[in-house]
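Could we go through this model together and ask how its descriptive labels are earned? I would like to see each value set beside its cut-off.

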Amino acid sequence: MKGLPPVVITAIVLVAGFAICATQYPNIASTRVVGNLLTDNAFLGIVATGMTFVIISGGIDLSVGSVIGFTTVFVAIAIERLGIPPWLAFVAILVICAAFGAAMGGIIHLFDLPPFIVTLAGMFLARGASFLLSTESIPINAPIYSTVSDFALRLPGGGRLTAIAIIMLIVIAAGALLLHLTRFGANVYALGGSRATTALMGIPVGSMTVRIYMLSSALSGLAGIVFSFYTAAGYSLSAVGVELDTIAAVVIGGTLLTGGQGTVIGTFLGILIQGLIQTYITFDGTLSSWWTKIVTGVLLFAFIALQQAIIVLARRSVLRRAGATS
Amino acid sequence: MMARLPRHGLAQILALVMILAVDRMVSPQFFDLRMQDGRLFGSVIDVLNRGAPVVLLSLGMVLVIATRGIDLSVGAVMAIAGAIAASLADSHSLPLVLAAALGTGLICGLWNGFLVAVLGIQPIIATLILMVAGRGIAQLITEGRIVTFTSPDLGWFGAGAILGFPAPVVIAAGMLGLTVAVVRGSALGLLIEATGGNARASELAGVGTRLMILAVYAWCGLCAALAGIISAADIMGADANNAGLWLELDAILAVVIGGTSLFGGRFSLLLAVVGALIIQAMNTGILLSGYPPELNLLVKAVVVLAVLLLQSPRLAGLAGLAARLRGARLRLKGAKA
């Protein structure tokens, strides 16, 4: 167990799962399927990157799904009903989302409230706001939408790496750099390790909290834009329950839910595992989509149990060392 | 002062009265009651009737939150229990149907309790597992369809009446009475509060904290199953996708409105029920007023935030500081005079 970080276990599960799927349905191991898998889960990958930061910092963000829904409706209305140029709508929604996240982070820090309940209120607020904007699905016909959805890099073997998949890969790469190579990233880990210690070390806990939730909400906004590219529509009920899929992906990716440990790349692998389960179910044809939920639940349990075992083992070895020195 | 009000429940009861008064303004017939086929009808009865599932959920949730926990899976457990009850209703006798559905809820609760008490997993995560997988399990039971039944025995739980009151209301009131009697009539409530206040200290003082935690999650599962049976009986069918969807959030909201601290250690069963009725009175009021029901979510968000800010230890500290300053100033004035 020791020396085998959770992310490696995630990678092994993914490779093993892929191998099992590929022996049963050889067609799964093609760039077409893999390309589609990346496209279908592009928005999930982007949200999950933000969620990884939040969870490593010891928090949780339940509002992401609603923010995605709000973004799709806002973008659709701005472009189709108000005639605002798409790029301006995108900038506006990203700013709105960032401000929304900053407000949640601010409330969490200023009033010392559990992130879970504050972001729950945020979830109600964003979903309610999108319902108020429109309860119907609004199709988006702007030319940029067809341009973007037509764009794709050809992969060997006939697969297509679509624009939104590329956006996701860029976000994940940038997220990994930000988390692992910058001072901001180091502070995120410190915050998840211990809030009090971090504050005593002179790291501005308040502004870090605000910025972390800002990042998560802004990335949810970006995911919402990507989602609107994916469906070419804005709908207030889109992305319901995505927060759970996202948290599940982050946990399966080996991030510790109590904070302080985790990687963006693990989250990416977690997303791929969920995508793989869905792909398998599609290939099988006789299984219903609810098997996805059950298998995800089982995986979630397995990884949480694993984390718990690692924590207990680590605590025991610390105790033993303490016993040896005294 | 504001921070102390919720303890006595005055704030919640005032809020409920105010919301009912607004409902009365929106719809003048709000308090009208009429008797039909031996059952009372009217908007107030409707609030009680529609609120019954959330009342049941919050009865379980309030005890879980008192131990510093949370149960996100109650909506999924409702779906599972409803699915089981609906699929067995037409082929088996009522006692067996009830036993199967309630037993499943109990098992779900014990599973959650096991994860939290024995494996030591954070409650929000431990119950997330069942929240994700539970709906899948419910769909497994209904085979992805909406299962309908015709059994009038089970249907009584949704449409029946006792002394003119709808069955769900009577059941919820009975469960409230039972819970209050058991928890507050014995030392159990105190032990639960001790567990939430400081689990380690309670453990050292001889409280069986693990057993307490296991018991409250099991109770929560049981209440959720009962709520699931009522919801299924109400529509004479089980919809695994939508039964109890987002009701876990309503239940948590009801408990929080009821002044129970999310940090554990103190709780009020009665006020949690008042909280659930406040939510339902708002829902009904918005429906009656003709505003889009979507407004509901916004109103809920504002209410959660307001209640949270009132509960916030930081804000209570500021209020205390302001009061002390005022007191000091008064004393100064007194000294000068």
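What follows is a friendly round of questions and answers on a predicted model.

Q: Why are H4(B) and H11(B) called oblique to each other?
A: The axes of H4(B), residues 74-88, and H11(B), residues 209-235, cross at roughly 55° and come within 7 Å. Angles under 35 degrees count as roughly parallel, and 65 to 115 as roughly perpendicular. The angle of roughly 55° falls in neither class, so the pair is oblique. The crossing of H4(B) with H11(B) is right-handed.

Q: Which residues make the contact of H4(B) with H11(B)?
A: On H4(B) they include Val74(B), Val77(B), Met78(B), Gly82(B) and Ala86(B), and on H11(B) they include Cys220(B), Gly221(B), Ala224(B), Ile229(B) and Ser231(B). By class, the contact has 13 nonpolar, four polar and no charged residues. Gly counts as polar here, which is worth keeping in mind for Gly82(B) and Gly221(B).

Q: What makes H11(B) largely enclosed by the rest of the structure?
A: A residue is buried if 20 or more other C-beta atoms lie within 10 Å of its own. In H11(B), 23 of the 27 residues are buried, so this helix is largely enclosed.

Q: How do you know that the length of H11(B) is close to the one expected at 1.5 Å a residue?
A: From its first C-alpha to its last, H11(B) reaches 39 Å, and the expected value for its 27 residues is 39 Å. Right after H11(B) comes Met236(B), with a positive phi near 50°.

Q: How does the span of H5(B) agree with the one expected at 1.5 Å a residue, and why?
A: H5(B), residues 94-118, has 25 residues and should span 36 Å; its end C-alpha atoms are 35 Å apart, so the two agree. Just after H5(B), Gly120(B) has a positive phi of about 70°.

Q: Why is H3(B) called oblique to H13(B)?
A: H3(B), residues 43-66, and H13(B), residues 269-289, have axes that come within 8 Å and cross at roughly 140°. Roughly antiparallel is kept for angles over 145, and roughly perpendicular for 65 to 115. An angle of roughly 140° meets neither condition, which makes H3(B) oblique to H13(B). Their crossing is right-handed. Among the residues in contact are Asp46(B), Arg50(B), Val54(B) and Leu59(B) of H3(B), with Leu269(B), Ala272(B), Ile279(B) and Gln280(B) of H13(B). The classes are 13 nonpolar, six polar and two charged.

Q: What makes H2(B) roughly parallel to H13(B)?
A: H2(B), residues 10-26, packs on H13(B) at about 15°, with the axes 9 Å apart. The cut-off is under 35 degrees, so the pair counts as roughly parallel. H2(B) passes H13(B) in a left-handed crossing. Ile13(B), Leu16(B) and Asp23(B) are among the residues of H2(B) that meet H13(B), where Val274(B), Ile278(B) and Met282(B) are among the partners. This contact has 14 nonpolar, five polar and one charged residue.

Q: Why does Leu313(A) count as exposed?
A: The limit is 12 or fewer C-beta neighbours, and Leu313(A) has 12 inside 10 Å, so it counts as exposed. Leu313(A) is in H14(A), residues 290-325.

Q: Why is Gln24(A) called exposed?
A: Gln24(A) has 11 other C-beta atoms within 10 Å, so it fits the class of 12 or fewer. Gln24(A) belongs to H1(A), residues 6-24. Gln24(A) and Asp284(A) are 260 residues apart in sequence and 9.4 Å apart in space, C-alpha to C-alpha.

Q: Why is Asp112(A) exposed, but Arg68(B) partly exposed?
A: Asp112(A) has 12 C-beta neighbours inside 10 Å, so it counts as exposed. Arg68(B) has 19, and buried needs 20 or more, so Arg68(B) counts as partly exposed. Asp112(A) sits in the loop between H5 and H6 of chain A and has a positive phi near 60°. Arg68(B) is in the loop between H3 and H4 of chain B, with a positive phi of about 75° although it is not a glycine.

Notes. Residues numbered from 1 in each chain as written. Chains lettered and ligands numbered in written order. Predicted model: local features only at pLDDT ≥ 70, side-chain atom pairs only at ≥ 80, totals over all residues. Axes fitted to C-alpha atoms, helices over the stretch in contact; angles between N-to-C directions. Helix = DSSP H or I, 4+ residues; strand = E, 2+ residues; numbered from the N terminus. Left-handed = near helix turned anticlockwise from the far one by under 90°. Contact = placed C-beta atoms within 7 Å. Expected span 1.5 Å × (residues − 1).
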